[in-house]
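I opened a structure today and kept notes on what I looked up. The entries are in the order I made them.

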Amino acid sequence: MKFDITLLFLFRALCHECNLREKASGSSRLICFKCHGFIEEGQQLKYISEVYHAYHFNCSSCGFELSADAREKDGELFCLRCHDKMGIPICGACRRPIEERVVHALGKTWHVEHFVCARCEKPFLGSRHYEKKGLAYCELHYQQLFGMLCYACNQVVAGETVYALNKAWCVDHFGCSVCDRRLSPKTKFYEFDMKPVCKSCYELFPAELRKRIAKMHKMED
């Protein structure tokens, strides 16, 4: 085999393809699996566990030359436009297809791990979130930014606040969870399932249930 003297790399005679591979292995740059040329950062297309220049492929649907945002489905490559027409949800954060659990929020779809609080960036992972001006927040940061949230209506409490059962309530929304009778902090009420119950409704509970509730509260005290 003949070697071109210009392809000497680290004092070894290499063919053109091996020379490019050696250069790539000694740097952080990506090398195309097909043409062995360097790929600019962000321009690579990963397909069957290898990286390529995207322009080596065409969309399996429309035939247009692909770019780095191409998508793979069932072993075939598609441009983003054709892929979106297939009804596969796209994550609002990473713009990649969602193949497992889907979160629907803010008028978009998200990977579970990519739907996060706009302030602390922690994933909600199924826990409650609060929306404001197109952004989602955890309860802590929503209240820090916009004020206390009423446990009943999930809106910022405007005006006087009732604090009970380690929660905040609008004055008009603090009531019995059974009959909806309005309560005040001075009204006698009982706690059941972390919610207030007026005396009248509580006395209608079965005697055995009232005993269990009373016993549970004694243990907490």
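These are my notes on strands, turns, loops and charges in this model.

**Entry 1: what kind of model**

I noted before anything else that this model is predicted.

**Entry 2: β9 and β10**

I began with strand β9, residues 102-105, and checked where its side chains point. They alternate along the strand. Val103 and Ala105 point to one face and are buried. Val102 and His104 point to the other face and are not buried.

Next I looked for the partner of β9. The strand runs antiparallel to β10, and four bridges join the two. I picked one residue to follow across: which residue in β10 is the bridge partner of Val103? It is Trp110.

Then I looked at the connection. β9 and β10 form a hairpin, with two residues between the strands. In this turn, Leu106 has a positive phi of about 60 degrees.

**Entry 3: β13 and β14**

I moved on to β14, residues 167-170, and asked whether its side chains are buried or exposed. Lys167 and Trp169 on one side are buried, and so are Ala168 and Cys170 on the other. Both faces of β14 are therefore covered.

The partner here is β13, residues 161-164. β13 and β14 pair in the antiparallel sense, over four bridges. Within the pair, Tyr163 stands opposite Ala168. I looked up the cover of both: Ala168 is buried, whereas Tyr163 has a relative accessible area of 56%, so Tyr163 is exposed.

β13 and β14 also form a hairpin with two residues between the strands. Leu165 in this hairpin takes a positive phi near 55 degrees.

I took one distance from Tyr163 as well. Its C-alpha atom is separated by 10.0 Å from that of Ser184, and the two residues are 21 apart along the chain.

**Entry 4: β15 and β16**

The next pair was β15, residues 189-192, and β16, residues 195-198. They pair in the antiparallel sense over four bridges. Tyr190 stands opposite Val197, which is in β16. This pair forms a hairpin with two residues between the strands. Asp193 in the turn has a positive phi of about 55 degrees.

**Entry 5: positive phi in the loops**

I then looked for positive phi in loops. Leu125 has a positive phi of about 50 degrees although it is not a glycine. It lies in the loop between β10 and β11. Its relative accessibility is 59%, so Leu125 counts as exposed.

Asn154 has a positive phi too, of about 65 degrees, and is not a glycine. Asn154 is found in the loop between α3 and β13. Is Asn154 exposed or only partly exposed? Its relative accessibility is 26%, so it counts as partly exposed; exposed would need over 50%.

Ala158 has its place in the loop between α3, residues 139-146, and β13. At 69% relative accessibility, Ala158 counts as exposed. Its C-alpha atom is 7.3 Å from that of Cys170, with 12 residues from one to the other along the chain.

**Entry 6: charges**

How many salt bridges does a search of the whole structure find? It finds one. Arg182 forms a salt bridge with Asp172, and the closest N and O atoms are 3.5 Å apart. Both residues are in the loop between β14 and β15, 10 residues apart. I checked their cover: Arg182 is exposed, and so is Asp172.

I also looked for groups of like charge. Glu72, Glu99, Glu100 and Glu113 gather in a patch of negative charge on the surface. I followed up one of them, Glu113, which lies in the loop between β10, residues 108-111, and β11, residues 130-132. Its relative accessibility is 46%, so Glu113 counts as partly exposed.

**Entry 7: a last look at β7**

Lys73 lies in strand β7, residues 71-73. The relative accessible area of Lys73 is 29%, so it is partly exposed. The C-alpha atoms of Lys73 and Pro97 are separated by 9.5 Å, and these residues are 24 apart along the chain.

Terms used: Residues numbered from 1 in each chain as written. Predicted model: local features only at pLDDT ≥ 70, side-chain atom pairs only at ≥ 80, totals over all residues. Heavy atoms only, no water. Patch = residues over 30% accessible without salt bridge, like charges linked within 9 Å, V, L, I, M, F, W, Y side chains within 5 Å. Areas by Shrake-Rupley, 256 points an atom, 1.4 Å probe, with all protein chains shown as cover. Salt bridge = Lys/Arg side-chain N within 4 Å of Asp/Glu carboxyl O. Lys, Arg positive; Asp, Glu negative; His and termini not counted. Charge placed at Lys NZ, Arg CZ, Asp CG, Glu CD. Buried < 20%, exposed > 50% of the residue type's maximum accessible area, 1.4 Å probe, protein only. Pairing = 2+ DSSP bridges.
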